[in-house]
Amino acid sequence: MDSFGLFCTGALLACGLYWFVCLLGPAEQKGKRAVDLSGGSISSEKVRDNYNQYWSFFRQPKEIETAEKVPDFVDTFYNLVTDIYEWGWGQSFHFSPSIRGKSHRDATRLHEEMAVDLIEVKPGDRVLDVGCGVGGPMRAIAAHSRANVVGITINEYQVNRARLHNKKAGLDSLCEVVCGNFLEMPFKDNSFDGAYSIEATCHAPKLEDVYGEVYRVLKPGSLYVSYEWVTTDKYRADNPEHVEVIQGIERGDALPGLRSYKDIAEIAKKVGFEVVKEKDLALPPALPWWTRLKMGRIAYWRNHVLVTVLAAIGIAPKGTVDVHDMLFKTADYLTRGGDSGIFSPMHMILLRKPQVPPSKS
Ligand SMILES: C=C(CC[C@@H](C)[C@H]1CC[C@H]2C3=CC[C@H]4[C@H](C)[C@@H](O)CC[C@]4(C)[C@H]3CC[C@]12C)C(C)C
Ligand SMILES: C[S@@+](CC[C@H](N)C(=O)[O-])C[C@H]1O[C@@H](n2cnc3c(N)ncnc32)[C@H](O)[C@@H]1O
């Protein structure tokens, strides 16, 4: 073989190796690889139909408003996106402010630990994770606080993923996962020492329903912290560009309608909570939470090619390409929401269930 042939063979081998290790190999947190992408609890052949069904909710906005249909629509959404999220983002399905000199993983963990520090729980306490995903936050919080964490998610596929990760992390004695609706929780009154929700209650059609449930299951005197998705004071409903961005975020994230930051405390008080603290964690001096999304753009193009090839050769379900495409566009809307400051995914509210319930009069 002449030197040119040798060079070509070497280059081909290097490309193949890069493809295998970097593209098909372990992603964010090992565990999920492109070749393992599935439609969650939906069988491969039905992924595309379910994706179309997901979109049909947005063609009938009146129906989204009927609260009973929302949990099913959210469940379908998480069947479609859970594997892609894990593959391309990791086991924590939320944002966090960037921190100079720290990795995304560390910034994510610190954002999670802050939640449990705020609710002041002790080792051995029973803490509720409202909308737990595949349990990234739950594991960080259990390891940090040594509290017993009970997570609830509407999506059965996530329950199985979370249990698997808990076991692998050796945290299954501290972490429990329940499949259920946070609008009607299968827990006794006054049975938790604390609760938190990280970017999950935005899926509730009426915030008072989920806050009311958290209030019911908390012991008197205990604390609940929530990181809420909201529109900020910069949002103008008469600005078509603002409306386009917010609607884009709602469609790509299974949201029945984003709330204004102003409504959160009012709703919490209505169900009986005392507001201890409220702060938008996205505001300066915090560094932008959307930098990670922006920086990932080249990787998303690569992922797009990979998903298209895998779906074409029958390894990934056909509809995966549509779902990935939707997320690709969503990333852009979220970035625009962050850049313009009209949207925050981390409006923090810290609430206390009073020792004595407020009188009804
Ligand atoms: C709280 C919610 C989810 C927030 C984020 C975890 C996700 C929002 C948008 C998601 C993503 C967008 C682009 C994807 C990319 C095209 C793909 O190649 C790899 C995965 C993404 C980066 C994906 C990861 C998760 C998000 C950032 C909502 C639902 C309330
Ligand atoms: C964006 S994910 C966040 C998950 C987790 N908090 C995290 O940060 O990794 C939102 C979670 O809320 C859950 N969820 C949404 N609506 C729900 C409902 N009605 N009942 C229970 N869980 C729900 C979803 O299943 C998902 O697990």
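**Figure 1. Who lines the largest cavity in this predicted model.** Six elements each put at least two residues into the lining of the largest cavity: helix 4, helix 6 (136-145), strand 2 (148-153), strand 4 (192-198), helix 12 and helix 13. Helix 4 gives the largest share of that lining, with eight residues. The volume of the largest cavity comes to about 850 Å³. Its lining counts 48 residues, and F77, Y78, Y85, F93 and D253 are the closest to the cavity centre. Sorted by class, the lining of the largest cavity splits into 29 nonpolar, 16 polar and three charged residues.

**Figure 2. Ligand 1 and its nearest neighbours.** There are 22 residues around ligand 1, and the ones that come nearest are Y78, Y85, W229, N303 and H324. Two of these names are worth zooming in on. N303 places a polar side-chain atom 2.7 Å from an oxygen atom of ligand 1. H324 does likewise, with a polar side-chain atom 2.6 Å from an oxygen atom of ligand 1. How much of ligand 1 does the protein cover? On its own, ligand 1 has 640 Å² of accessible area, and the protein covers 100% of it.

**Figure 3. The shell around ligand 1, element by element.** Ligand 1 takes up space in the largest cavity. Helix 4 (70-88), helix 12 (297-312) and helix 13 (320-340) are the elements that give two or more residues to the shell around this ligand. Those three helices also turn up among the elements that supply at least two residues of the cavity lining. As for chemistry, the shell around ligand 1 is made of 15 nonpolar, five polar and two charged residues.

**Figure 4. Ligand 2 and its nitrogen contacts.** The space taken by ligand 2 is, again, the largest cavity. Of the 19 residues around ligand 2, the nearest are F93, G131, T153, Q158 and F182. F93 has already appeared as one of the residues closest to the centre of the largest cavity. Which residues have polar atoms by a nitrogen atom of ligand 2? For F182, a polar backbone atom is 2.7 Å from a nitrogen atom of the ligand. The side chain of N181 has an N or O atom 2.9 Å from a nitrogen atom of ligand 2. I154 joins in through its backbone, where a polar atom is 3.1 Å from a nitrogen atom of ligand 2. Ligand 2 exposes 590 Å² when taken alone, and the protein buries 97% of that. The shell around ligand 2 has nine nonpolar, nine polar and one charged residues.

**Figure 5. The second largest cavity.** The structure holds three cavities of 30 Å³ or more, and the second largest has a volume of about 70 Å³. Lining this cavity are W89, H94, F95, S96, P97, S98, H104, A107, T108, W289 and R292. Helix 5 (residues 104-118) gives the most to this lining, with three residues. By class, the lining of the second largest cavity divides into five nonpolar, five polar and one charged residue.

**Figure 6. A cis peptide bond between two prolines.** Most peptide bonds are trans. The bond from P284 to P285, however, is cis in this model, and its omega is near 10 degrees. To find P285, look in the loop between strand 7 (274-280) and helix 11 (291-295).

**Figure 7. E120 and its positive phi.** Where does E120 sit? E120 is in the loop that runs between helix 5 and strand 1 (126-130). Its phi is near 50 degrees, a positive value in a residue other than glycine. Most residues other than glycine have a negative phi.

Methods: Residues are numbered from 1 along each chain as its sequence is written. Chains are lettered from A and ligands numbered from 1 in the order in which they are written. This is a predicted model: local features need pLDDT of at least 70, side-chain atom pairs count only at pLDDT 80 or more; totals for chains, interfaces and linings use all residues. Side-chain values use heavy atoms; hydrogens and water are left out. A residue is near a molecule or strand if one of its heavy atoms lies within 4 Å of it. A polar contact is a pair of N or O atoms within 3.5 Å; within protein, one must be able to donate a hydrogen and the other to accept it, and residues adjacent in sequence count only if both atoms are side-chain atoms. Accessible areas come from the Shrake-Rupley method with a 1.4 Å probe; for residues, only the protein chains shown count as cover. On a 1 Å grid over the protein atoms alone, a cavity is a set of points where a 1.4 Å probe fits but cannot get out, and a pocket is an open set with protein on both sides within 12 Å along at least five of seven lines; lining residues have an atom within 4 Å of a point. A molecule sits in a cavity or pocket if more than half of its atoms lie within 2 Å of its grid points. Helices (H or I, at least four residues) and strands (E, at least two) are DSSP runs, numbered from the N terminus. Ala, Val, Leu, Ile, Met, Phe, Trp, Tyr, Cys and Pro count as nonpolar, Asp, Glu, Lys and Arg as charged, and the others, Gly among them, as polar. Grid points are joined across faces, edges and corners, and a volume is the space filled by probe spheres set on the points.
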